[in-house]
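Open the model in your viewer and keep the selection panel at hand. The stops below go from a whole chain down to single residues.

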Number of protein chains: 10
Amino acid sequence: MTILEITQKLLAAKKAKGLTFADLETMIGRDEVWISAVFYRQASASEDEASKIISALGLEPDIADELTAFPVKGSLDPVIPTDPLIYRFYEIMQVYGMPMKAVIHEKFGDGIMSAIDFSLDIEKEEDPKGDRVKVIMSGKFLPYKKW
Amino acid sequence: MTILEITQKLLAAKKAKGLTFADLETMIGRDEVWISAVFYRQASASEDEASKIISALGLEPDIADELTAFPVKGSLDPVIPTDPLIYRFYEIMQVYGMPMKAVIHEKFGDGIMSAIDFSLDIEKEEDPKGDRVKVIMSGKFLPYKKW
Amino acid sequence: MTILEITQKLLAAKKAKGLTFADLETMIGRDEVWISAVFYRQASASEDEASKIISALGLEPDIADELTAFPVKGSLDPVIPTDPLIYRFYEIMQVYGMPMKAVIHEKFGDGIMSAIDFSLDIEKEEDPKGDRVKVIMSGKFLPYKKW
Amino acid sequence: MTILEITQKLLAAKKAKGLTFADLETMIGRDEVWISAVFYRQASASEDEASKIISALGLEPDIADELTAFPVKGSLDPVIPTDPLIYRFYEIMQVYGMPMKAVIHEKFGDGIMSAIDFSLDIEKEEDPKGDRVKVIMSGKFLPYKKW
Amino acid sequence: MTILEITQKLLAAKKAKGLTFADLETMIGRDEVWISAVFYRQASASEDEASKIISALGLEPDIADELTAFPVKGSLDPVIPTDPLIYRFYEIMQVYGMPMKAVIHEKFGDGIMSAIDFSLDIEKEEDPKGDRVKVIMSGKFLPYKKW
Amino acid sequence: MTILEITQKLLAAKKAKGLTFADLETMIGRDEVWISAVFYRQASASEDEASKIISALGLEPDIADELTAFPVKGSLDPVIPTDPLIYRFYEIMQVYGMPMKAVIHEKFGDGIMSAIDFSLDIEKEEDPKGDRVKVIMSGKFLPYKKW
Amino acid sequence: MTILEITQKLLAAKKAKGLTFADLETMIGRDEVWISAVFYRQASASEDEASKIISALGLEPDIADELTAFPVKGSLDPVIPTDPLIYRFYEIMQVYGMPMKAVIHEKFGDGIMSAIDFSLDIEKEEDPKGDRVKVIMSGKFLPYKKW
Amino acid sequence: MTILEITQKLLAAKKAKGLTFADLETMIGRDEVWISAVFYRQASASEDEASKIISALGLEPDIADELTAFPVKGSLDPVIPTDPLIYRFYEIMQVYGMPMKAVIHEKFGDGIMSAIDFSLDIEKEEDPKGDRVKVIMSGKFLPYKKW
Amino acid sequence: MTILEITQKLLAAKKAKGLTFADLETMIGRDEVWISAVFYRQASASEDEASKIISALGLEPDIADELTAFPVKGSLDPVIPTDPLIYRFYEIMQVYGMPMKAVIHEKFGDGIMSAIDFSLDIEKEEDPKGDRVKVIMSGKFLPYKKW
Amino acid sequence: MTILEITQKLLAAKKAKGLTFADLETMIGRDEVWISAVFYRQASASEDEASKIISALGLEPDIADELTAFPVKGSLDPVIPTDPLIYRFYEIMQVYGMPMKAVIHEKFGDGIMSAIDFSLDIEKEEDPKGDRVKVIMSGKFLPYKKW
């Protein structure tokens with residue numbers, strides 16, 4: 001199965017069961033964003049996590065294998081995404097990339113925020129002037145090694 | 001003055017004064033990331049904010065004008081940034097773009113997180129296994145208008 | 001079904017019924033451009049709107065589901081479009097982008113015209129020297145938030 | 001003088017005089033967007049219009065020549081603009097390009113909206129929920145010639 | 001049917017009938033280049049022209065519909081063509097683009113040669129030193145509108 | 001001197017003398033487009049032609065050398081030009097590239113139209129419905145050699 | 001049949017027959033590189049050459065037609081090839097392009113080496129320090145025409 | 001000094017002395033193409049070769065240092081060259097890349113022609129039908145190592 | 001079979017047999033990275049190596065042919081890879097490319113490290129602070145030939 | 001000072017002193033590749049390291065500041081490097097990227113080799129068949145965090 005086929009199968013089963021990612025978070029014990037990343041094959045599940053996902057969705061066990069594999073990640077097309085929701089993250093990087101670099105270097109020194117030892121949460125902030133999307137990224141600071 | 005010259009002048013003055021962005025946050029009453037964005041001319045200060053920044057840095061008043069202008073924003077070069085710190089945000093978008101889209105749509109419906117009615121904070125999380133960079137984005141949800 | 005297949009199915013049904021987008025505007029109570037955007041899966045219909053569209057076109061109900069989903073938007077290929085009609089909008093952005101930026105900033109301050117809280121109408125202006133296409137865009141002004 | 005230098009000279013003079021583009025519209029008898037396009041050297045003035053602009057801005061006459069030349073137009077850099085205000089017009093083309101093509105073809109037949117025999121107005125729509133930017137484009141429909 | 005399939009079907013029928021584009025010019029009363037553009041779906045035929053083409057090629061009538069549609073035009077892949085014959089036109093634009101711009105502006109003022117109100121003929125010039133390809137383009141001059 | 005500087009010097013001298021390219025055609029005995037190509041350093045003059053051009057423009061003899069050199073040709077920037085006048089030639093190649101290829105192959109066999117053994121003329125066709133730009137290209141047909 | 005299918009069919013037949021391109025050179029009377037170019041549909045065979053190739057490979061006659069057509073040429077993907085053998089030719093152009101231009105202009109004047117009236121041979125030079133690949137290109141010099 | 005400045009200085013001195021690259025070949029004992037590559041800083045001279053070049057050109061000794069450095073090589077701009085003479089080598093790679101790969105693999109096995117242990121000669125073949133440019137490349141065959 | 005199909009068939013057989021690349025290294029007598037390169041068709045096996053691989057995996061003999069062919073190599077898509085593991089090698093080249101060039105030139109003179117006469121090993125270094133990936137590349141130094 | 005100016009100043013001083021990077025390794029107590037990375041401003045020195053470098057090179061103390069800053073890293077131009085030495089690392093990634101990914105995942109699980117907690121050594125392996133360049137990379141394995 002291609003990644004696209006796996007994703008569509010999982011999304012269809014989730015819809016048929018009437019489950020949200022938040023429901024899956026409760027059932028599987030992992031964050032909804034991480035579970036969604038497994039759906040899009042950007043994260044790999046352990047065998048145990050894969051069985052739980054499969055069973056929550058009522059799918060046949062043989063698809064579990066697909067969820068534990070380590071696929072090629074990061075496959076937005078084209079390289080500068082055109083979907084408005086995803087593009088805004090590109091724009092944030094364009095507009096706030098240098099300011100963030102300046103502040104992170106000042107607080108931590110020369111290094112980066114890891115995108116691997118990393119988690120990402122999405123919360124809904126209710127607000128009378130219009131609800132807000134809150135995205136919280138937490139990545140380990142990795143200082144440049146000298147040798 | 002080009003944007004690059006303005007930025008370099010501000011950074012040099014800040015270094016000469018021995019100030020951090022966090023110090024400026026206290027002195028000016030705006031978040032350090034936003035102030036850094038003004039330094040890189042990705043955000044525009046009011047006249048009052050510009051005077052405060054100029055005075056904190058001990059610069060001549062005539063540069064204040066430059067900080068209230070509305071320059072062309074978003075100017076990383078090349079379009080896929082090569083600086084490792086900034087690239088990680090591109091990678092996060094590549095890897096977690098579709099999962100975030102799925103979760104945001106599920107929580108909010110068809111629309112986007114605004115990158116304009118938006119704030120971004122950076123915090124240092126102390127952690128015995130290595131400190132963590134916490135990036136908190138908060139953007140108004142904008143539902144697609146129908147007409 | 002892929003987006004392309006959905007679009008072709010809808011366009012074929014519309015042609016078979018001899019309907020124009022203007023007819024659909026009357027039948028469904030939404031603007032013809034917005035309805036066309038639903039056809040190309042750039043806008044999402046509510047369940048009620050989807051049923052009306054399906055029924056107007058004489059299609060089976062199960063395609064309604066496809067019209068309420070939130071697909072990846074913005075998929076012209078290549079990134080600089082080569083179709084002459086669509087390219088002209090790229091050219092307008094190239095030629096009049098900076099002038100529009102200057103005038104909008106002067107009238108509104110630092111911010112943008114929303115492309116989400118946004119509507120777009122197309123009218124035919126009869127003119128003895130040759131009819132004119134009138135495109136009217138209306139987007140909420142979003143001022144940059146400071147924090 | 002390069003185009004950039006001309007633009008900066010004109011903008012500085014306009015600022016020094018405290019004039020808006022709307023003021024210039026009144027003084028020169030041309031739309032403010034078109035005048036702004038002359039500032040950015042995307043439109044060419046007649047000798048008469050150039051003198052009026054120069055005189056309104058209090059500049060020396062020899063710059064008038066620069067405003068009547070026909071420079072290379074369309075020079076956003078990079079090809080997909082990163083400035084959020086200008087990018088939204090790229091996004092509109094990406095999202096609504098095909099729907100607009102469908103509606104324009106249905107109303108007019110095979111052809112395009114001219115970007116040359118073309119005008120563009122920007123209006124401010126006051127709205128209690130937030131002011132709106134109204135962009136009105138009017139271009140002659142050009143049907144494909146057969147031969 | 002995709003555009004590629006339509007083109008291949010038309011070319012195969014033309015070959016089977018032993019017809020040249022010049023023969024079709026005589027039979028249909030349109031220039032051979034325009035007819036070839038219809039084959040590649042870069043130009044749209046009227047219903048009458050479509051029937052004549054279909055009948056000249058001995059094809060079933062239901063393909064006529066495909067020839068009257070308005071497809072997305074301009075689809076060379078990649079954006080800088082690699083086919084040597086087509087590339088030469090890119091090269092001509094690269095080498096002679098600015099000189100042509102200078103001469104056209106001098107003769108006509110600020111504006112463009114239309115590529116819509118446009119015709120293109122190809123003639124064979126016999127020459128003892130080697131035959132020559134003559135390409136004659138004729139496009140309406142469109143002056144920039146002021147407003 | 002850079003190519004840009006040479007071009008600007010020549011254009012300024014031509015303007016100061018009040019000469020058109022058509023005037024230069026008469027004075028120098030070469031086509032105006034070819035002379036314009038020398039101005040933009042896309043064509044190389046012989047020493048005799050260079051002296052005639054220099055003398056017609058009233059320039060010092062030492063610039064003649066620059067006109068006989070063989071510079072790097074074809075330097076539009078970006079690779080898909082954004083100037084509307086020049087872009088139309090890109091569009092013609094996109095839309096009519098394959099139809100031209102089909103007709104040229106049919107008339108001449110496998111080969112190309114040379115862009116080197118090549119001439120290009122621009123004529124003004126007066127027309128009550130609007131004057132037309134006529135571009136006539138003539139290139140030697142080069143058949144593919146077999147070996 | 002697509003070009004890829006034709007190429008694969010020819011290569012499979014050649015392998016099944018145990019023939020080298022050098023064998024085909026002997027049998028068909030054309031150079032092995034040119035024959036290989038026909039296999040990849042970058043060169044067009046005459047009807048006679050096509051029959052000889054078909055018969056040498058033991059293929060059915062109806063594929064001969066495919067070898068006499070004039071396909072779109074030059075289709076390496078991506079535009080800067082990644083295959084190391086082919087890339088070296090790109091590297092040679094990058095490193096020696098300007099030096100070759102300088103020497104060719106000095107020997108021949110302003111013009112180019114034709115890639116159409118052109119042949120290319122590959123020879124194996126035995127060498128105790130390691131055999132060498134010899135590539136001999138011969139193209140007609142085409143001087144720029146003046147007009 | 002930048003590479004461009006070095007090249008221009010060398011070319012100017014060569015012109016002033018009235019020397020051809022072929023003359024330099026005789027004086028320095030290296031091939032004219034290699035010497036031209038040193039001029040464009042694509043090849044590095046030994047100290048002895050550098051002195052000979054400097055002395056042949058009548059330049060001051062201190063430029064010799066520049067000719068023995070190892071600069072960044074391969075710097076055509078843009079990545080697909082637009083100069084017609086240089087582009088033809090790109091076209092040859094596009095059209096004959098796969099055929100050459102097939103023949104080289106058949107003659108030598110899996111590996112490449114080195115572009116480092118490599119020489120390139122340019123000869124003028126006189127021909128009554130038009131002189132020909134002969135380019136002879138000789139590169140060591142490098143078989144892929146297994147490990 | 002396409003390369004993708006071959007790779008998937010080999011990986012599936014390896015998984016079914018429960019073999020690691022390290023196991024295959026022992027069975028076949030070639031390094032695990034090289035064997036993996038054969039799986040992805042970036043390296044070519046001899047007939048003997050191909051039989052050993054096929055037999056170790058329990059596959060039918062006819063696939064052996066596919067492993068001895070010389071396919072087009074280097075096919076990451078897109079050209080700047082987005083998979084985080086592979087991207088890090090691009091980043092290393094971006095960050096350490098010039099420093100490596102400086103050190104290699106200083107140690108060896110003008111030339112390159114061969115990527116053909118080349119081997120690459122991957123080792124696991126156990127480390128209490130977190131295991132390390134060790135990548136050892138060994139390529140023959142190739143000095144630039146002069147001629 | 002720009003990065004280019006700093007690099008050139010450091011390289012010139014190193015040349016004037018007749019020092020190699022290996023000499024600097026001994027004098028400063030850091031690896032020669034890391035020191036070279038400081039020269040190209042891809043690594044940041046501590047104040048102590050900066051003084052040692054400055055003093056070893058006999059430069060004025062005020063340049064030390066430049067070596068402790070955290071500049072934008074990774075700035076090869078163009079994005080696919082054309083310098084043959086650096087390109088080989090791109091080629092290695094293209095050819096061996098997927099095989100390395102497969103072997104690293106098998107040995108370590110889902111994660112990456114860090115390019116930050118990373119060192120890179122270059123050694124000269126003497127070999128009678130030609131010396132070899134040995135590049136040893138050592139990066140911490142970072143497993144994907146789940147959350």
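The tour starts with one chain, moves to a helix and a few residues, and ends with the chain copies.

**Before you click**

This is a predicted model: local features need pLDDT of at least 70, side-chain atom pairs count only at pLDDT 80 or more, and totals for chains, interfaces and linings use all residues. Residues are numbered from 1 along each chain as its sequence is written, chains are lettered from A and ligands numbered from 1 in the order in which they are written, and side-chain values use heavy atoms, with hydrogens and water left out.

**Stop 1: chain A as a whole**

Select chain A. Its C-alpha atoms fill a box of roughly 50 × 50 × 30 Å along the principal axes. Colour by secondary structure. Six helices and two strands appear, in the order α-α-α-α-α-α-β-β along the sequence. Helices (H or I, at least four residues) and strands (E, at least two) are DSSP runs, numbered from the N terminus.

Now colour by domain. Domain 1 of chain A covers 3-68 and domain 2 covers 84-143. These bounds come from an automatic or database domain assignment. The C-alpha centres of the two domains lie 26 Å apart.

Switch on the surface. Chain A exposes about 5400 Å², and carbon and sulfur atoms supply 52% of that. Accessible areas come from the Shrake-Rupley method with a 1.4 Å probe; for residues, only the protein chains shown count as cover. Of the 147 residues in chain A, 61% are buried. Buried means under 20% relative accessible area, exposed over 50%, and partly exposed in between (1.4 Å probe, protein chains only).

Next, look at contacts, meaning heavy atoms within 4.5 Å. Among those in chain A between residues at least 6 apart in sequence, 50% join residues at least 24 apart.

**Stop 2: helix α3 of chain A**

Select residues 32-39 of chain A. How many of the eight residues of helix α3 are buried? Eight of the eight are, so the helix is largely enclosed by the rest of the structure. Show the side chains: A:Trp34 and A:Phe39 are among the buried residues. Then show the cover. From chain A, it includes α1 (3-17), α2 (21-28), α4 (47-57), α5 (64-68) and β1 (111-125). Chain B also contributes, with α6 (84-108).

Stay in α3 and pick A:Val38. A:Val38 counts as buried, at 0% relative accessibility. Not counting residues up to four places away in sequence, A:Val38 touches A:Ala43, A:Ala45, A:Ile53 and A:Leu67. For a distance check, pick A:Pro78, 40 residues away along the chain: the two C-alpha atoms are separated by 22 Å.

**Stop 3: the α3-α4 loop in chains C and H**

Go to chain C and select C:Arg41, in the loop between α3 and α4. Check its backbone. Phi of C:Arg41 is near 60 degrees, a positive value in a residue other than glycine. C:Arg41 is buried, with a relative accessible area of 1%.

Jump to H:Arg41, in the loop between α3 (32-39) and α4 (47-57) of chain H. H:Arg41 has a positive phi of about 55 degrees, although it is not a glycine. H:Arg41 is buried at 1% relative accessibility.

Return to chain C and select C:Gln42, which lies in the α3-α4 loop. Is C:Gln42 buried or exposed? C:Gln42 is buried, with a relative accessible area of 4%. What is C:Gln42 in contact with, leaving aside its neighbours within four places in sequence? In chain C, the partners are C:Ala37, C:Lys73, C:Gly74 and C:Ser75. From chain D come D:Gln94 and D:Val95. Measure to C:Lys73, 31 residues apart from C:Gln42 along the chain: the C-alpha atoms are separated by 5.4 Å.

**Stop 4: the copies**

Show chains A and B. A turn of 180 degrees with a shift of 0.0 Å along the axis lays chain B on chain A, with an RMSD of 0.0 Å. Copies are superposed by least squares on the C-alpha atoms of residues with pLDDT of at least 70 in both. Find B:Ile136: of the residues of chain B, B:Ile136 comes closest to the rotation axis, at 2.3 Å (C-alpha). All of the interface residues of chain B (100%) are also interface residues in chain A, so the copies meet through the same surface.

Add chain I. A rotation of 180 degrees with 0.0 Å of shift along its axis superposes chain I on chain B, with an RMSD of 0.0 Å. That is the relation of a two-fold axis. Of the residues of chain I, I:Ile80 comes closest to this rotation axis, at 4.4 Å (C-alpha).

Finish with chains E and H beside chain A. No contact joins chain A and chain E, whose closest C-alpha atoms lie 15 Å apart. No contact joins chain A and chain H either, and there the closest C-alpha atoms lie 19 Å apart.
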